[in-house]
Each structure stands twice: as structure tokens, then as C-alpha cells.
Amino acid sequence: MLVDGIHDLGGMQGLGAVDHSPAEPVFRHRWEAVARALLLVVADAAGASGGEFRHAIERMEPGHYLTSGYYEHWLTAAATLAVEHGLVTVSELEARAGGRFPLSGPVLAPPVADAGPDAGTPRFGVGDRVRVREWHPPGHTRCPGYVRGKAGTVVRVDGIYSVPDIEAHGTARRHEPTYSVQFDAAELWGDGQRGVRVHVDLWDSYLEPS
Amino acid sequence: MSDSTHRPAPVSPVEQRVAALEALLTERGLVPEGFIEQVTRRYESETGPMNGAKVVARAWLDPQYKQRLLADGTAAIAELGFGGPEGDHMVVVENTAATHNVIVCTLCSCYPWPVLGLPPAWYKDPPYRARMVREPRALLAEMGCPLPEEVEIRVWDSSAEVRYLVLPQRPPATEGKTEAELAALVTRDLMIGVARL
């Protein structure tokens, strides 16, 4: 399976058991709550969109991503956006922290200058067969790798929303309908499992007729 | 041969990195007074699975409410006073004798904050995100929720703007219970779909 970013985890093998607990504190340490709040502060001060904010986490070095917890991801994204938007410098951060302060890697996709026209009318309706485009964008996307190239059925037509692939890379915006698309798990994974349907919510331009 | 002058400096402990960023942003006047405490309190005490439990209990008791909840989750949940970020586009999926629903976010951590609060660590960690879309029957069994082969599993990957809530089946022998008594039976795991009554 082709995966473009370490965050795109659907189907990845070898990660082991889920460390499940039926109840746990919302924040296990105070720094987790602070890191969470600081990302909100930075996103606000930098005018960062939801797409840019997610992409800042997704650009983390893969080893760092997999070996650090969720709120360290938020901290790393907050610090990365703060540096990229000129709110602080890396040397200030490292001087204050008293050691190395790992940040996310650079944005690889070019800024989006022309977002193209909004798509107001859904191309697909409930029951339509669709196929997910097989492509590997260098920037942010909300199309999980495990459904690319796969065929499914539209089970719900949702609202019209800003395309994350566009909004993560500049101030341009394009709005498109979104759909919930149902896939048969046996078809996704080719393993003959029965009675499992996986639903993925996808923007219009991720899909083509099947 | 290692040469200490070429060795990268050690990574600062995460608490110190958080404190460094907090101090720099505060000095620049970017952190409003009391902001950190305010957002922390909101998610520690003002929202959480107790909200979703009220929604489920109401749906168990009131068939018309349940109908509205399944038709337009956002509006029906707002009737009980819950809404806001990560709850603006709610879809409620109903468990039946023949179907079981479970929610996941393979790309990050999407979760219905107004009704469930912030997600637990395991929901955001790689194993759950990787495995729930690939081998949900095996993973559910491993997590203490074995399902008979004939029960269809519907996995919902929250990859766009919709956030999901599972409506569990009402347990048998609960006739006559009040809404509050029913709500007390509804756990976070039932509403994620990693448990079943």
C-alpha cells in the first residue's frame, strides 16, 4: 500500500495492541493542556486554517511522530507554525527550552494561487458507484491512502465545505460537496473478511464515476 | 568514533519545550489572560461523555426524539443544549441486533467534542487508527467486544467535516427506568462503538 505521510495510518500493520482504558483523565499532565491551548493561540495569531494546522502535524519527522504522544504533536505543530509565521525563532525556542526543539519538516507543496471555481451541485447521489482518484499529492489532503483507487457506493451526501488540500496551502479557497462513501472491507484489503463495511467521508474532487 | 562536539544537542524534555513556547508567546502578548485555564476547564469539566449519555437516554425513552436524532443529529443534539466546534455536523448511527457501528479517525483525531469531550489517548494513538479500518472484528474482540459473525460491522472514518456518535441498543429489562438512570448506563466506549450492551 502506498502511504504519503506517517499520519495516514489506516491499514498500517505491526503497530501492536491498542492500549485501551475505559476511563482516563482528559489531560494526564498539565503540559498537555498547555500545549493544546498554545496551538489554538498560534493558529489564531497566525491566521492558520484547519488544513494548515493539520498539515503542520503531518509534516513531523516520521520517527518523532510515532514515538511521541498526541499532545507532543500539537506542541510541535504550534511551535512550527509560530516559527513559520514569524512569531518566534528557533534559536529563541531552543535557548528557552535548554536543548533541541524538534520542529516539523518543510511544506513540500507549492502555494495554491488559483483554487478553481466552487462546485455547488453534488455530482453524485446516494447509491451511485464511485472510484477514489489514485494520486499522491505532495501537500495536505483528507483522502486516506487506503481508499485511493478503490470503488465504493455513496451512502450520504453531506454539506459543501472548503477543500482542505487547497486551504492548507495559502489563502485561496474552493468549496465542494462531500459524501460518505461505503467500501466493502474485503475489497479494500483483499482478505475475504465478511460483513464489514468501511465508510470514508470524501470531497467531490477526490472521486470519479465508477 | 564519537566526537562530542559533533553530537547533536539532546532534545529538551517536552515539559520544558511547552514552557518555552508558552513563555515566548506570553511575552509577545499573544496569550490572553486566563485563556489556558479557561480552555482546560471547558474540556476537563464542562463537556464529556455525560452529554452524549443524555442524548442516548432521551432517544431510548422518546421514539420521536430518536427519529429526529437519526434524521438530523446536529439539530436534535442542540435540543439538549449541546453543540459547537467538532459538533457542527453530527451524524448518529444506530446499532441494531444485526449491525454494529464504530467510529475512528485514521488521519488524526476527529471526535464529537460537544457530546463526548476530548478523545481518549488510545483513540488518537497509531494502533487503533491503523487497525479499526482493516480488521475491526478482530480488534473489537481484542478490546472486549466480540461480535457474532452474522452481525455486520460498519466502521465510520471521520475524514471530512461530519462527526459521528453511535446510538447503542437499549439494554433489556430497563423498563421503568428514568432518563437519568438510563444515562448512567451509557459509557463513552458504547458511544464510540468499542463496547456493546
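## Exercises on a predicted two-chain model

In this predicted model, A:Val130 has A:Gly152 of E2(A) as its bridge partner.

**Exercise 1.** Place that bridge in its strand pair: how many bridges join E1 and E2 of chain A, and do they run parallel or antiparallel?

*Solution.*
- Step 1. Strand E1 of chain A covers residues 129–132, and strand E2 of chain A covers residues 151–162.
- Step 2. Three bridges join these strands.
- Step 3. The two run antiparallel.
- Background: strands of a sheet pair through backbone hydrogen bonds, either parallel or antiparallel.

**Exercise 2.** Extend the pair to its sheet: what is the strand order, and which strands lie at the edges?

*Solution.*
- Step 1. The sheet is open and has seven strands.
- Step 2. Its order is E5(A)-E1(A)-E2(A)-E3(A)-E4(A)-E3(B)-E2(B), with mixed pairing.
- Step 3. The edges are E5 (207–209) of chain A and E2 (99–104) of chain B, each of which pairs on one side only.
- Step 4. From one strand to the next, the twist averages 35°.

**Exercise 3.** Summarise the fold of chain A: how many helices and strands does it have, and in which pattern?

*Solution.*
- Step 1. Count the elements: chain A has seven helices and five strands.
- Step 2. Read along the sequence: α-α-α-α-α-β-β-α-β-α-β-β.
- Step 3. Check the contacts between residues at least 6 apart in sequence: 68% join residues at least 24 apart.
- Step 4. Check burial: 44% of the 210 residues of chain A count as buried.

**Exercise 4.** Find the centre of the largest nonpolar core: which residues touch the most other members?

*Solution.*
- Step 1. This core has 69 residues; A:Leu202, B:Val56 and B:Val102 touch the most other members.
- Step 2. Helix H3 (residues 49–61) of chain B gives the most to the core, with six residues.
- Step 3. Beyond its neighbours within four places in sequence, B:Val56 contacts B:Leu167, B:Pro168, B:Val186 and B:Met191.
- Step 4. Another core, of 38 residues, lies apart; its members include A:Trp31 and A:Leu75.
- Background: in soluble globular proteins, nonpolar side chains tend to be buried together.

**Exercise 5.** Analyse helix H1 of chain B: what is its span, and which elements do its buried residues pack against?

*Solution.*
- Step 1. H1 of chain B (residues 14–27) has 14 residues.
- Step 2. From first C-alpha to last, H1 of chain B reaches 20 Å, close to the 20 Å expected at 1.5 Å a residue.
- Step 3. Its buried residues include B:Arg17, B:Glu22 and B:Leu25.
- Step 4. The buried residues of H1(B) pack against H1 (30–46), H4 (70–84) and H5 (90–97), helices of chain A.
- Step 5. Just after H1(B), B:Gly29 takes a positive phi of about 75°.

Methods
Residues are numbered from 1 along each chain as its sequence is written. Chains are lettered from A and ligands numbered from 1 in the order in which they are written. This is a predicted model: local features need pLDDT of at least 70, side-chain atom pairs count only at pLDDT 80 or more; totals for chains, interfaces and linings use all residues. Helices (H or I, at least four residues) and strands (E, at least two) are DSSP runs, numbered from the N terminus. A residue is buried if 20 or more other C-beta atoms lie within 10 Å of its own, exposed if 12 or fewer, and partly exposed in between; C-beta atoms are placed from the backbone. Two residues are in contact if their C-beta atoms, placed from the backbone, lie within 7 Å. A nonpolar core is a set of buried Ala, Val, Leu, Ile, Met, Phe, Trp, Tyr and Cys residues joined through C-beta atoms within 7 Å. The expected span of a helix is 1.5 Å times one less than its number of residues. Two strands pair if DSSP finds at least two bridges between them. Axes are lines fitted to C-alpha atoms, for helices over the stretch in contact, and angles run from 0 to 180 degrees between N-to-C directions.
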